[in-house]
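Good morning, colleagues. I would ask you to look at the chain on the screen while I describe a few of its features.

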Amino acid sequence: MSNDVNKNYTDKELASMSQSELAQLGTELDGVTVAFRKERFPLENDPAERRAARGVATWLTISVLSGIAFLAVYLFWPWRYKALGEDGHLWHTLFTPMLGLLSMVTVLSLGIAVLQYVKKFVPEEISVQRRHDGPSDEIDRRTVTALLNDAWSTSTLGRRTTIKGLLGAAGVLFGLVVVAPLGGAVKNPWRAHELDYHGDGTLWTSGWTLHEKGVKLYLARDIGTTADYHESPTGSHYTTQGLSRLVRVRPEDLAAGGMETVFPLAEEHVNDGDKFNPEADVYEEHMHSIHGPRNPVMLIRLRSSDAERVIERQGQEDFHYGDYYAYSKICTHIGCPTSLYEAQTQRILCPCHQSQFDALQYAKPVFGPAARALPQLPLTVDEEGYFVAAGNFIEPLGPAFWERKS
Ligand code: FES
């Protein structure tokens, strides 16, 4: 920016100016006036200055030491996976927290050191820069453009085609190096794998889709069993043999007005009641069912007086079993678990954004952002008196996606 500062100093005059006078001239040439400036420690050998220096040095030392410790942990810590009960399990579980803690201390103490240095040693200063209205003067614009062009031509890059090409390629590759790791997050949502408790990988399927393959699916509750700890002369270990995480549900297991979260359980993985086998190990399959992203279902037992007022959805009139109704727990808004059932109002509530669904009207939304009813699972009871799915869901579960019709 052009201003009224004298720019016509001779070499002799410039040579006779002190560093601070030159610095002041530089700021004035930029249209900046230093209105106030005060040294932090004007007296030499001030004990306060030595204390401040020690403080900054301490933080920098902490940063350096934790940086070295971070590298040591990263390179030498026993990070390989060890299951619960195996030797080294504790060390393995501490690996990531140690990296997080040490990197935090390194960055934080460096930041504190820089802040302290600026606050304690850099002079206090108030500067004012004059501003002008409208665009810069023609002379400033032309000279800045000329300077940029000059920098480009004196760099000789324009005529060095090989270096220019390599530089461009390196720039593109650098961009790819940054972006490429994100590619691992991109998945084809239409690529199907073999159907299991997680569905076949497409958005239309879930563990309940196994019913379409002829698999008998029980409605089972999660009883939270964990692996058994065994001690023996040869060593200790955990086992899941003979344990059942999911157990089948009967109508009498629910009180009127109650709600239970249930998951699909294939007949071959049942290990309770008269099918209990202490040798069977089905725990992992049960966990797959529990972790299936679209598997949780709310089994609701309406009170008889409420059940008399139910309005069935067309085409789903026989989906319920007496006073029992089963709805997908995955909210049709953006997929939170709609875990709350209020028996007084017969409303199902999603805690994420407060959508409410009317359990007396096929779980259609009556409040909040959800726009579609919760899909209903057809229910029945088998010859032994356990709840089983009478079919798969007839519409996709959870939030909307491009291809869905409903
Ligand atoms: S996810 Fe249920 S209301 Fe938003």
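**A hairpin and its surroundings**

I begin with one residue pair: Asp 358 has Lys 364, in strand 13, as its bridge partner. This is a predicted model, in which local features need pLDDT of at least 70 and side-chain atom pairs count only at pLDDT 80 or more, while totals for chains, interfaces and linings use all residues. Residues are numbered from 1 along each chain as its sequence is written.

Strand 12 (residues 356-358) and strand 13 (residues 364-367) pair in the antiparallel sense over three bridges; pairing requires that DSSP find at least two bridges between two strands. Five residues lie between the strands of this hairpin, and Tyr 362 takes a positive phi near 45°. Strands here are DSSP runs (E, at least two residues) and helices are runs of H or I of at least four, numbered from the N terminus.

UniProt, in an unreviewed entry, lists residues 322-388 as "domain: Rieske"; such annotations may be inferred rather than shown by experiment. That span is 0% helix and 34% strand.

I turn now to the chain, which has eight helices and 15 strands. An automatic or database assignment gives domain 1 (11-185) and domain 2 (207-389). The C-alpha centres of domain 1 and domain 2 lie 56 Å apart.

Finally, is helix 5 hardly covered or well covered? Helix 5 (residues 138-154) is hardly covered, with zero buried residues among its 17. Buried denotes 20 or more other C-beta atoms, placed from the backbone, within 10 Å of the residue's own.

How values were computed:
The expected span of a helix is 1.5 Å times one less than its number of residues. A residue is buried if 20 or more other C-beta atoms lie within 10 Å of its own, exposed if 12 or fewer, and partly exposed in between; C-beta atoms are placed from the backbone.
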